[in-house]
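Visitor: I'm new to this one. Could you pick a single part, take me through it slowly, and then show me what lies around it?

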Amino acid sequence: MDMQTKITDAVSAASTALGIFEKPVLEHPAELSHGDYSTNVALVVAKKRGENPKALAEKIVTELGAIDGVEKIDVAGAGFINFHLSRSVFAEGIQEILSAGEKWGRNDFLSGKKIIVEYSQPNPFKPFHIGHLMSTTVGESISRLVEWSGSDIRRMNYQGDIGPHVAKCLWGVMKNGSDPKSIAALGEAYVRGATAYEDDAHAKKEIDDINKRLYAGDVELQPLYDAGRKASLDHFDELYAILGTRFDDSIFESEVWKRGIAIVMDGLMRGVFAESDGAVVFKGEKVGLHTRVFITSQKNPTYEAKELGLIEKKLERFPFDLNITTVAVEQESYFRVVEAAMAELWPKTAGTYTHRAFGMLQMTTGKMSSRKGNVITGESLIEDMRAKAMAKMEGRELGDAKQATADTVAVGAIKYSILKQNAGKNIIFDPEQSLSFEGDSGPYLQYSHVRARSVLEKAHTSHLTPQISNPPEEVTELERLLYRFPEVVVRAQKEYEPHYVTTFLTDIAGAFNSWYAQEQIVNKDDPASPYKIALTKAFAQTMKNGLWLLGIQAPEKM
RNA sequence: GCGCCCGUGGUGAAAUGGAUAUCACAUCAGUCUUCGGAACUGAUGUUCCGGGUUCGAAUCCUGGCGGGCGCACCA
């Protein structure tokens, strides 16, 4: 039985004996000096009983007596009961980490469930910008969290390879005779098309016409279209390789739009949708949202209709119990309307199709828009960070691994900066000021891991092996944090919030580095050295597993 | 105007309704550099404003103020 249930049960029994029937809640005090667990039962029930909370807490403590594995119980503050775990419990905790190894932190609370995580969603013919970097990073981490809950997961990508943005890009390509196999040329062509569409009525007509022809499957456009689509997709794959993401499945808008139209037309007959100014719309007002167009007056499907087709396609390929789609906050209200339409079309699907909004990347230099062409591409950001990492590694003897390590560090820095806060919050990004390698950062976590590995390497050559039998008397802050890892994972899994993991890792890295600075870990003359080595190993394992959840690699050297 | 999200030191963030609000950057002052200084130690400095709920509020409710996003044929 773990300590948490053991203590909770003991408190529960003691308070029941005193006539208290409040279910005790056990938590970790924010301040480590306050102990490892604390409960506020006394505070919660004191008033009802007309008693002084501190006195009541004292009574409960007396009733509690001794608990195996708890060294000290005291009453503090307004009436908290604090529990300090004993030395041996922490030693056992270290043992547990070492035994679990790669599996340390995993659980199976979603085992047997089929779950789809849809993320990244870059559009061919448009640049892969830092917004996609966010979706990819957040989605990959959520996928890994879901994977750790024992569920059957499918990582899915959904890409818009048909629609007005494609027409705009192709128009731009044809006007200038650009090379459709060049990513840079496609990006420029898109900006030309998007600008012309707004400023030039004639161009708008031409683009609308191209759009119509694309939906009709015009053979003349096919070679150009195929070349551009392939160039885009190849480019995305290169980025995914660097980012450490691999999808199980990819669905394209071109595969779902027809089905989407059919679903909407059918829904129109059933009264789910309505006609308005020649378009087919969903009146979101009936559920507190707003009206959205599903089929345009030109009879083209919008994003919303395609999404309905997508849902069917997903069910066909992988009948999911739960779907999580990452969506940018600026698209969240559209998504809500789609969910509302779904609920009316297929009441049975209620609650199985969900989304997780992630914040916008706000630029200090003004709003980023791929229509205007002032986007920061994922590629350029990675490139900048890679150059910075290379400069930092000057003088390190890493041989052939140098370039790959620079990528690892660069990607780690980018991902950390995205995953360190609430996923829904906007991130303010200053393109002039590159991401940090110091302090709270991805490289700081990676560096801590490298240090620990380096210590373990030295232990190995000194013929010292990890042992938990002879721990030093004093319990380190690091030990008092490490055993909490599985709790942190569960919370992150339940809320689809990777940042709990990020924060935890930053805490243990700080604890490790402080400890490291004041301890000689590998020391043949120190009887506690084998224990310290075991602790170092437990730290390295926890850090490695945690970084994996974030989708950040843990290098051995950097 | 309506809807959603947000407001924490100079800056970027954290805090299942709990105790003295925690980190990092920057600034200032330091560190036997022996196991990797991408580190460590210390100092300065913070919950937008008003009201309410609660033993207890950054957190919940309410009214302001300020910001972001969305509000029909783009995604």
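Guide: Let's start at Leu481, which sits in helix α16. Helices here are DSSP runs of H or I with at least four residues, strands are runs of E with at least two, and both are numbered from the N terminus. What you're looking at is a predicted model, where local features need pLDDT of at least 70 and side-chain atom pairs count only at pLDDT 80 or more, while totals for chains, interfaces and linings use all residues. As for labels, residues are numbered from 1 along each chain as its sequence is written, and chains are lettered from A and ligands numbered from 1 in the order in which they are written.

Back to our residue: Leu481 counts as buried because it has 21 C-beta neighbours inside 10 Å. The cut-offs go like this: 20 or more other C-beta atoms within 10 Å of a residue's own make it buried, 12 or fewer make it exposed, and anything in between is partly exposed, with C-beta atoms placed from the backbone. Setting aside neighbours within four places in sequence, Leu481 is in contact with Asp507, Ile508 and Ala511. Contact means that the C-beta atoms of two residues, placed from the backbone, lie within 7 Å. Ile142 is another matter: its C-alpha atom is separated from that of Leu481 by 23 Å, and the two are 339 residues apart along the chain.

One of those partners, Ile508, takes us to the core. Ile508 is among the residues with the most contacts inside the largest nonpolar core, together with Ile414 and Phe539, and this core has 136 residues. Such a core is a set of buried Ala, Val, Leu, Ile, Met, Phe, Trp, Tyr and Cys residues joined through C-beta atoms within 7 Å. Helix α19, residues 529–550, gives the most to the core, with 11 residues. In soluble globular proteins, nonpolar side chains tend to be buried together.

Now follow Ile414. Not counting residues up to four places away in sequence, Ile414 touches Leu133, Leu381, Ile382, Met385 and Leu435. Ile414 also has a part in a helix packing: α5 (residues 130–147) and α14 (residues 401–419) meet at an angle of about 80 degrees, their axes 10 Å apart. Axes are lines fitted to C-alpha atoms, for helices over the stretch in contact, and angles run from 0 to 180 degrees between N-to-C directions. That angle makes α5 roughly perpendicular to α14. By the rule used, angles under 35 degrees are roughly parallel, over 145 roughly antiparallel, 65 to 115 roughly perpendicular, and the rest oblique. On the α5 side the contact uses Leu133, Met134, Thr137, Val138 and Ser141, and on the α14 side Ile414, Lys415, Ile418 and Leu419. Sorted by class, the residues of this contact are six nonpolar, two polar and one charged. Here Ala, Val, Leu, Ile, Met, Phe, Trp, Tyr, Cys and Pro count as nonpolar, Asp, Glu, Lys and Arg as charged, and the others, Gly among them, as polar.

Helix α5 packs on α19 too: their axes come within 7 Å and cross at roughly 125 degrees. The two are therefore oblique to each other. Ser141, Arg144 and Leu145 of α5 meet Trp548, Leu549 and Leu550 of α19, a set that divides into four nonpolar, one polar and one charged.

Just ahead, in the loop between β5 (114–118) and α5, you'll find Phe125. Phe125 has a positive phi of about 80 degrees although it isn't a glycine, and it is buried, with 28 other C-beta atoms within 10 Å. His463 makes a nice contrast: phi is positive there as well, near 60 degrees, but His463 is exposed, with 7 other C-beta atoms within 10 Å. You'll spot His463 in the loop between α15 (442–461) and α16 (477–482), which brings us back to the helix of Leu481.

Finally, step back. Chain A comes to 19 helices and 14 strands, and 43% of its 558 residues count as buried. Its C-alpha trace spans about 85 × 65 × 40 Å along the principal axes.
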